[in-house]
Amino acid sequence: MVARAHTVAFEGVEARPVEVQCAISAGIPAFSIVGLPDKAVSEARERVRAALGAMAVALPSKRITVNLSPADLPKEGSHFDLPIAMALLAALEIVPADLVEQTVALGELSLDGDLVSVIGALPAAMTAAEDGRSLLCPASCGPEAAWVDAVQVIAPASLTAAVRHFTGQTPLAPASAGEVVTTGNLRDFRDVKGQERAKRALEIAAAGRHHVLLVGAPGAGKSMLAARMPGILPPLSPAEALETSMIHSLAGLLDEGGISRDRPFREPHHTASVPAIVGGGRGAKPGEISLAHNGVLFLDELPEFPRQVLETLRQPIETGEVVVARANAHVRYPCRFLLVAAANPCRCGHLAEPGRACARAPACGEDYLGRISGPLLDRFDLRIEVPPVAFSDLDLPEAGEGSAEIAARVSRARDVQTERYAEASGVRVNADAEGGLLEQSARPDSEGRALLQKVSDRFGLTARGYHRILRVARTIADLDGSAEVRRPHVAEAVSFRLSSALAG
């Protein structure tokens, strides 16, 4: 007799179904696991043996073979412990085999039989729902998995509790979804003195998800401005919250099963490696750009990042997804993020201050910002010079307009875009529009087109630069409540694109 249980193997945000087959046959006593397991899966036999021993279940003196099918799919992680144990218990006729077959299981076993939390409960619940099965997972993972309404989630605290449930001795109630997590300490733009042009640029960026580069002297407020971006972004829609939470589930970042409606804000240090930023490493885990999906990725001191790291951002910015290539698999992660980058104008930071600039000015600034390649710079829709704040501005009272007022305008502009692109697949905001859809939605009036022609002749705009100006102009028109893109909207978009120190 071959007993079967079901689990999943993770490939990016996808949870691939895996059938766990267990056969007990005559022969030299052995317990083997086959089907391309990694080290953690191979060690499951010792954890399963100890956990069954803690339940006073002795393994028979026979040959036990566990096959993880499909056999050519790599199996990684400790979450295979529970499905292997359930298949073995079904083969021993301790639990009903038909009930085990109707369940997708994942969880790590401790030596005393307790179930330990694992990553990926939310994607696993999605796969279980698609297959029409229930989900069996550790108690600590239950609130996370229960967010998928279409699946029944059973979340015991131990293997003993799971056995009692399947044998009908102590049935467990389905798990309830965790709390909706909200961040109550969002920073307010009202704290920022001066820098009205930079505030305006960030408002436009938030409304259309346009990438921003802030260049200014140390202490001008670049990091302060960027840190306030989450406060003006609209909450995640239910679909976006599920997308983002699936990635965070695989990274083990969901706290007690709670799903957040706040947009992610990730700020990796400039010493981060390529796998840390784009994903990879053991198990091809999601990187910072995927953890920032549907949110903000803030790269402070942009020229200090290794060139290899910066160049890997070019393709994900355009496509909205990253492919982590491995010898035996290609793992895809979504990464539609709003990139906010900050940089000093030169290494000392005082290039724009004649009394403090070094003797190598302006060559020092050209060398320093030259670390940002032209193709990457071309992908920033808005480029802002952030001047030092005057003492007179610091002595002013708080600004009358804070994040709440800006967020209301951003939300109205986002609602307009949602209605505009309702029938366009994969397009949610103006930054996603391209081709005929962009020409149709962002075509300027005659005066706006004439201005664009002059700008193109004077500055030699690339095709990418032209289309990015159109997208930004469309967003400015949305903030203005205008159905048509007019010359003032185009002029403002051009002014942000062609900052004097960063024109291109």
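Two strands pair if DSSP finds at least two bridges between them. In this predicted model, strand β2 (residues 14-25) meets that condition with β4, through seven bridges in the antiparallel sense. Within this pairing, E19 stands opposite S69 of β4. Strand β3 (residues 30-34) also pairs with β4, here in the parallel sense and over five bridges. F31 has I64 as its bridge partner in β4.

Strand β4 itself covers residues 63-69 and has two faces. I64, V66 and L68 form the covered face. R63, T65, N67 and S69 form the uncovered one. Thus I64, the partner of F31, lies on the covered face, whereas S69, opposite E19, lies on the uncovered face.

The nonpolar cores were examined next. In soluble globular proteins, nonpolar side chains tend to be buried together. The largest nonpolar core in the model has 51 residues. M229, V340, L382 and I384 have the most contacts inside this core. A second, separate core has 40 residues, among them V41, I64, L88 and A105. I64 of the covered face of β4 is thus one of the residues of the second core.

L382 of the largest core has an extended list of neighbours. Leaving aside residues up to four places away in sequence, L382 touches A201, I204, A205, H210, H211, V212, L213, V472 and F496.

Another sheet is open and has five strands. Its order is β13-β14-β17-β11-β18, with parallel pairing. β13 (265-266) and β18 (382-386) each have a single partner strand, so one side of each edge strand is left without a neighbour in the sheet. β13 is joined to β14 (residues 296-299) by two bridges, and these strands run parallel. F265 stands opposite V296 in β14.

Helix α8 lies across β11 (212-216), β17 (338-343) and β18. The helix runs at about 160 degrees to β18. α8 spans residues 196-208, and its 13 residues reach 19 Å from the first C-alpha to the last. This is close to the 18 Å expected at 1.5 Å a residue. The helix is mostly covered, with 10 of its 13 residues buried. The buried residues include A201, I204 and A205, which are also among the contacts of L382. K199 and E203 are buried as well. Just after α8, R209 takes a positive phi of about 55 degrees.

Two loop residues were then compared. N430 lies between α18 (403-420) and α19 (435-442). Its relative accessibility is 1%, and buried means under 20%, so N430 counts as buried. The side chains of N430 and Y421 are joined by a polar contact of 2.7 Å. Beyond residues up to four places away in sequence, N430 touches G208, H210, Q417, R420, Y421, R471, R474, T475 and D478. G208 is one of the buried residues of α8, and H210 is also touched by L382.

S176 lies in the loop between α7 (159-166) and β10 (180-181). Exposed means over 50%, so S176, with a relative accessible area of 55%, is exposed. S176 touches G142, P143 and A146, again not counting residues up to four places away in sequence. The C-alpha atoms of S176 and V153 are separated by 8.2 Å, and the two residues are 23 residues apart along the chain.

Conventions: Residues numbered from 1 in each chain as written. Predicted model: local features only at pLDDT ≥ 70, side-chain atom pairs only at ≥ 80, totals over all residues. Heavy atoms only, no water. Core = buried A, V, L, I, M, F, W, Y, C linked by side-chain atoms within 4.5 Å. Buried < 20%, exposed > 50% of the residue type's maximum accessible area, 1.4 Å probe, protein only. Contact = heavy atoms within 4.5 Å. Helix = DSSP H or I, 4+ residues; strand = E, 2+ residues; numbered from the N terminus. Expected span 1.5 Å × (residues − 1). Axes fitted to C-alpha atoms, helices over the stretch in contact; angles between N-to-C directions. Polar contact = N/O pair within 3.5 Å; in protein donor to acceptor, adjacent residues only side chain to side chain.
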